Amino acid sequence: MNFWQLLKLEFTAIFADKAILLTVLGGGLLYSFLYPLPYAHQVPTEQLIVVVDHDNSSLSRAIIRHADASAKIKIIAKVNSIKQAKEWITDAKAYGLLVIPQNFRRNLILGKGATLSYGGDASYFLIYSAIAQGLIEVGLDTSKSLQRFALLSKGNGSKKTDKALNSIQLNSIPVFNSTLGYTPYIVPGLFLLILHQTLLIATGILGAGQWHQKSYWLQHSSISLVCARICAFFSIYSLLSSFYIGYCFYFYQVNTLANMSEVLLLMLPFLLATVCAGISLSTLFLHRDLPTQALLLSSMPILFVCGFVWPLALIPDPIIWLSQIVPAVPAIKAMLILNQMGAPWESIINNWLHLWVLFVLFFTLAVFAVHQRQKKMRGANVD
Amino acid sequence: MKLLKREIVAILDSPWQLALLTYIPIMGLLLLWGLFSAGLPRALPVAVVDFDQSTMTRLLTRHLQANPSVKVIHYTHLQDAKKAMQQADVYALLVFPYQLKKKLFTAQQPVIDIRYNSQFLLVGKLLSSQLQLTLANSLKSLASIKELAQGTPKQQVAINLSPVSNQTTALFNQNNNYVAFLVPPILIALLQIIAMLVFVNSLSFELQRTKEDNWYHHGIRAVLLTKLFFYSACMLLHGTLIYTFLYLHLNLPIAGPIWMLILSLLLMIIAVWLIVLTLFFFLKDSTRTVSVCGAIFAPAFSFMGITFPSNNMPDLAQIWRALMPSSHYIEQHIATVNYGQNITQLLSQMTSYSGFLLLLLPIIYLIKKGRNA
């Protein structure tokens, strides 16, 4: 039997297996839609807050109107005391409060200064930051307009007033994900991880199902079997990757700054290393339902150790060292740097070489481990 | 008792099930806590390109260095700083323009440019607000000198500079600690997956048994109830361990009693049971049940609404969210841990699980069908 026939057998084995098809095609298509689904609206807007207005003046009403006009905030009710506001928050009917103190307007007119207090529910960081940001903007704006009135009333010209108020400008702009959207933030890393995990599961299920039954895998050398399996999964996953990285990235409006050849060059060692890792792992399993279970549990830790959710510098070193044997870790980092942040190829050369080292490592391991499995099975035959 | 012994023998036969019931949840707890153990994002690298090199820009840089979230890294050339940004070596870039001090003194409104990496959203947003806060504060100290020079009395200076001052409070998690914010929901999501796997495995043991030892032979209701009690107790034990570690060992703030958390965890586990039973009796194959359950439960964390608020999710996501037991649980968790709700409030929240009871109908139907087959 030559290599082409073996490859054909591999494809037949893969496409005859419902569990693999469910994981690769079903899982692949479902996840591309399901995971980004909660983030479809990109930024948290119109967070509900309550107002405690102890002042009841024209100025306090203007502040409330301005706060309500902010896209980040929606004022749901006016309550009489902070205690009541607390009840609204603990009943989860509101997520923040704005307190305008008594004599707010009077104190400002007298030049005594006054304090606006804000609170946001920090059980939810994005809600808190939306409320805090929205209310601080309103507070600063009020402050500025009061200063402007004060300066104008002292007889300054409007141009001079402007300059006095904004003597320096802070021009703070987000880069790489200019809309601050949640989907472009989470999708690039997550999608590579989904490819990685489903590929490991699929090779795992295929292997675990074969090791205890006599079939074509015994009739070839372990090297040709591993090579055939790499070719089969690599071709399937090239298609799935093009869907994820090609179509989905555009669909979810993720930055795609790298050119196609560079992305392909990066995906090559990633997919190769992952298939080999999958084949090596598969030799550990004898039950077909184990690979899914083991890899399902590993997904979340791998996602958080990749460094785009939580900065790498703050993760303890032993965990980072351990994570280096996972192909997804260097691949996600390299993909973000290359494709989302538009760095030149030489910036990711280390990660790329890292992936090749992992490929060589896992390839050797896979050939060796498959060989052991074959020896065991042939030994069992003799008995 | 005989049935309980039967379960324990089955567990001891399967090293993986034993691992899921014993050390895997503990390893997960330690690993995920270890990941986030720093708690607060500190010393995040920021590139500073100083084209002015004046006393003023050096003062501003020193103020930035004094901010615990920022670690200043100096770059001479903008190109190098840009490259460091693109490689995520630094998370923000700050440029002091040429002749900043001179322009400020001659009232030409100089511009300080800040670029922050929003591909790393949480870090980027944090740095953006910290950098603006620090710079605004240190510029205020410069402006106060100007006010004083113009003859404003000292008490009045601060008021003139900002007549309305802001006081912002992060309720329930005052220092924005990530361990308190992110670790409990992640662990619950993980525990939910582990519980699901344990339940599926315990059911698939039954498929491998002989006809004499079959669960219909032993009485399927008794077998299932034994499983329910035994495995739920194991999972509750791990849940209690997580709570003990987080709220007693690490001393994270908790307003309500821990037994209320255990109570709501119990209901979550029962809801997971119902989902697993339905799918198992429907699919009757352990590998496919694991795949389908995995597909359902794997994204549970994103749907909890902890990172991205649930009230901003589209309707379809809200529906999917309601199908996850963990998203019902997490609301009770937050209400208990942060708001210190009382038992009546908890009980009224728990009614949200009632929809899962509807699953009993297909389960009973499928079991009956299985018996006749």
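The second largest pocket of this predicted model draws its lining from both chains. In chain A, helix H8 (182-210), helix H10 (260-282), helix H11 (290-305), helix H12 (317-323) and helix H14 (349-382) each supply at least two residues of that lining. In chain B, helix H2 (15-21), helix H3 (23-36) and H9 each do so as well. H11(A) gives the most to the lining of this pocket, with seven residues.

The volume of the second largest pocket is about 1,100 Å³. Its lining is made up of 35 residues, and Ala294(A), Leu295(A), Ser298(A), Ile302(A) and Val326(A) are the ones nearest the pocket's centre. By class, the lining divides into 28 nonpolar, seven polar and no charged residues.

The structure also holds one cavity of 30 Å³ or more. About 40 Å³ of space lies in the largest cavity. Pro25(B), Leu29(B), Leu187(B), Leu190(B), Leu191(B), Ile194(B) and Ile242(B) line the largest cavity. Two elements, H3 and H9 of chain B, give two or more residues to this lining. H9(B) has the largest share, with four residues. The lining of the largest cavity contains seven nonpolar, no polar and no charged residues.

H9(B) thus appears in the lining of the second largest pocket and in that of the largest cavity. The next point is how this helix packs in its own chain. Two packed helices are described by the angle between their axes and the distance between the axes. For helix H9 (residues 178-207) of chain B and helix H11 (residues 220-249) of chain B, the angle is about 160 degrees and the axes are 11 Å apart. Angles over 145 degrees count as roughly antiparallel, and H9(B) and H11(B) are therefore roughly antiparallel to each other. The crossing of H9(B) and H11(B) is right-handed. In the contact of H9(B) with H11(B), 19 residues are nonpolar, three are polar and two are charged.

The table below sets out the domains of the chains.

| Chain | Domain 1 | Domain 2 | Citation |
|---|---|---|---|
| Chain A | 3-39 + 182-382 | 47-165 | Chain A division |
| Chain B | 2-37 + 177-372 | 44-161 | Chain B division |

In each chain, domain 1 is written as two stretches of residues. How far apart do the C-alpha centres of domain 1 of chain A and domain 2 of chain A lie? They lie 51 Å apart. For domain 1 of chain B and domain 2 of chain B, the C-alpha centres are 49 Å apart.

Conventions
Residues numbered from 1 in each chain as written. Chains lettered and ligands numbered in written order. Predicted model: local features only at pLDDT ≥ 70, side-chain atom pairs only at ≥ 80, totals over all residues. Heavy atoms only, no water. Axes fitted to C-alpha atoms, helices over the stretch in contact; angles between N-to-C directions. Parallel < 35°, antiparallel > 145°, perpendicular 65-115°, else oblique. Left-handed = near helix turned anticlockwise from the far one by under 90°. Nonpolar A, V, L, I, M, F, W, Y, C, P; charged D, E, K, R; others polar. 1 Å grid on protein atoms, 1.4 Å probe; cavity = no way out; pocket = protein on both sides within 12 Å on 5 of 7 lines; lining within 4 Å. Points joined across faces, edges and corners; volume = space filled by probe spheres on them. Domains from an automatic or database assignment.
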